[in-house]
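Me: I am new to this structure and would like the descriptive terms justified. Could you take my questions in turn?

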Amino acid sequence: MEVQKIKLEPIRKTIREQTGKLRVAAYCRVSTDTEDQKTSFDGQVKHYTGLIEGNPEWELAGIFADEGITGTSAAKRPEFQRMVKECEEGKIDLILTKSISRFARNTLECLTFVRHLNNLGVHIVFESNNIDTRTAFSEMLLTVLAAFAQEESRSISENTSWGIRKRFEDGVTRWSRLYGYEKTADGEYQIVPEHAAVVQKIFELYEHGESIQSIRKYLAAHGIKSPTGEPKWTDSAVHTLLINERYTGDIILQKFLTEDHLSHKSIKNDSTEVPSYYIENHHAAIIPRKQYDRCMKIMGMRRVNGHRKEHDTGTCNQYPLGDKLRCPYCGSVLYQRAVPVQLKHKKGWVCEKGDDACHGFIIRSNIVETALLEAYKKLEAGKIAEKVNSLRFGADAKLALEIRKAHPVMKSVDFWWVDDLIDHIEFGAHSRTDREYRRLAALGEDVVDDRTMKVFWKCGLITTVMSGVDADREHPPMIAELYNSYLERQKEAQKEKEAETA
Ligand SMILES: [Zn+2]
């Protein structure tokens with residue numbers, strides 16, 4: 001095995017041996033122009049000044065500092081250039097610097113300058129790499145050193161993202177533009193009242209059942225300019241605004257992260273490697289959390305089947321009663337469906353199970369809504385007040401009182417109050433026709449309960465009202481029968497169609 005011979009240069013005599021004092025300079029650099037690193041830049045200057053002046057054998061030959069320049073070549077670092085020039089003029093014996101990556105941008109540059117300065121009799125101390133070019137200097141060391149530089153160039157990229165990550169963990173974030181806010185001198189979010197009012201209006205309209213399209217029209221009709229200053233809003237601008245969680249004062253950090261040190265591309269953070277952070281109360285809220293959540297819930301319900309499909313047999317929009325209604329037979333959540341069977345109002349709530357045990361329970365949507373408005377009327381403020389001190393229902397009771405006070409009568413079933421007030425709704429069996437009722441009533445049996453709707457309020461109260469179903473015309477089992485035969489016919493028609501095309 002051949003042993004490679006490495007020619008070691010003799011350790012040079014230091015200038016100190018000739019003049020007594022070593023003229024020491026320091027070189028500092030910061031690679032990213034953020035406030036934090038600016039501080040560390042000032043810190044570096046202070047550190048080196050103290051270090052050099054504190055050593056009786058040293059003489060300060062200058063602090064050279066390139067500020068706020070990201071990974072730039074030496075040619076673009078004026079202070080570095082000036083320092084090299086002073087070395088060439090014989091004014092400096094030793095340079096202190098934090099690390100190779102701060103000193104040079106890449107392998108080649110590092111090698112070039114270390115060699116050049118070495119030839120001039122100037123040595124370099126890389127503090128964090130623990131390398132002093134005075135103690136041992138060879139091509140071999142330089143090669144190792146250069147490899148370090150390559151490696152560190154990567155690690156500095158990782159350090160930068162780590163630094164950002166750290167600031168995210170500490171709740172410090174970079175400012176990014178958001179309609180409704182402006183940036184203060186300190187980089188904080190500050191509410192712009194005029195824009196914030198627009199944001200609040202948009203959420204309010206959405207929460208009260210307006211569609212994105214109608215909100216867009218409302219904004220145009222009121223001459224409200226878009227976030228980008230256009231005279232008209234787009235649907236997507238309204239949608240984007242509605243789904244922005246930052247209006248609640250909370251923030252999700254690190255949605256995007258820097259991919260690598262070479263490309264510096266941003267990629268979406270899918271949270272498999274680097275965590276996202278959710279910070280509550282990061283800045284002043286424009287929209288209460290609850291209102292925001294509700295709007296998201298509405299959006300979810302609309303998305304289930306937002307398109308007009310009322311003559312279809314698919315599910316209708318679940319909005320505004322959502323998942324509040326329960327099947328009287330099996331307790332399952334009812335779904336709103338288009339029920340095109342002898343009904344003026346075509347939406348009905350259907351038990352998805354729809355098997356014999358459930359008697360195919362169906363109830364017209366408008367009947368449910370009318371009954372619910374009636375139930376709201378019967379919800380007494382005095383009764384709610386009794387629950388205010390309850391451990392379990394206190395908070396909901398307080399809210400219910402507020403709503404009751406502000407709205408003695410509700411004119412329509414809206415998601416906002418349904419969601420605030422109602423836990424769930426149950427129905428009586430609705431199993432008998434009017435003839436059966438009359439027969440049973442004649443026998444003195446209590447049959448009233450059969451056609452009831454029971455509202456379970458979140459404040460712990462229960463209100464029972466008559467559902468208003470006319471058993472002769474529309475009692476659920478009868479409608480279910482018609483509905484099912486309709487579905488059968490549809491299926492048959494579909495089969496025939498498929499057979500034709502096949
Ligand atoms: Zn059922």
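Reply: What follows sets values from the model against the cut-offs behind the words.

Me: What kind of model is this?

Reply: The model is predicted.

Me: Why is H424 called buried?

Reply: Buried means under 20% relative accessible area. H424 has a relative accessible area of 13%, so H424 counts as buried. The residue lies in strand β15, which covers residues 422–427.

Me: How do you know that the side chain of H424 makes a polar contact with the side chain of D423?

Reply: A polar contact needs a pair of N or O atoms within 3.5 Å, and residues adjacent in sequence count only if both atoms are side-chain atoms. The contact between H424 and D423 is from side chain to side chain, at 2.8 Å, so the pair satisfies the distance limit. A further polar contact joins the side chain of H424 to the side chain of E426, at 2.9 Å.

Me: Which residues is H424 in contact with, leaving aside its neighbours within four places in sequence?

Reply: They are K324, R326, K454, V455 and F456. Contact here means heavy atoms within 4.5 Å.

Me: Why is α7 called oblique to α8?

Reply: The axes of α7 (residues 193–207) and α8 (residues 212–221) cross at roughly 140 degrees and come within 10 Å. Angles over 145 count as roughly antiparallel, 65 to 115 as roughly perpendicular, under 35 as roughly parallel, and the rest as oblique. The crossing angle therefore makes α7 oblique to α8. The residues in contact are V198, K201, I202, L205 and Y206 of α7 and I212, I215, Y218 and L219 of α8. The crossing of α7 past α8 is right-handed.

Me: What makes α8 roughly perpendicular to α9?

Reply: Helix α9 spans residues 235–242, and α8 packs against α9 at an angle of about 105 degrees, with the axes 9 Å apart. Since 65 to 115 degrees counts as roughly perpendicular, that is the term for α8 and α9. On the α8 side the contact is made by I212, Q213, I215, R216 and L219, and on the α9 side by D235, V238, H239 and L242.

Me: How do you know that β13 pairs with β12 and with β14?

Reply: Two strands pair if at least two bridges are found between them. β12 and β13 have 5 bridges, while β13 (residues 347–351) and β14 have 3. Both counts therefore meet the requirement. In both cases the sense is antiparallel. A338 stands opposite K347 in β13, while G348 stands opposite R364 in β14 and W349 opposite I363 in β14.

Me: What makes β12 and β14 edge strands?

Reply: The open sheet has 3 strands in the order β12-β13-β14. β12 (334–338) and β14 (362–364) each pair on one side only. Neighbouring strands of this sheet are turned by 30 degrees against each other on average, direction ignored.

Me: Why is β13 described as largely enclosed by the rest of the structure?

Reply: Of its 5 residues, 4 are buried, so β13 is largely enclosed. Two helices lie across β12, β13 and β14: α11 (residues 365–378), at about 65 degrees to β14, and α17 (residues 476–501), at about 100 degrees to β14.

Terms used: Residues numbered from 1 in each chain as written. Predicted model: local features only at pLDDT ≥ 70, side-chain atom pairs only at ≥ 80, totals over all residues. Heavy atoms only, no water. Buried < 20%, exposed > 50% of the residue type's maximum accessible area, 1.4 Å probe, protein only. Polar contact = N/O pair within 3.5 Å; in protein donor to acceptor, adjacent residues only side chain to side chain. Axes fitted to C-alpha atoms, helices over the stretch in contact; angles between N-to-C directions. Left-handed = near helix turned anticlockwise from the far one by under 90°.
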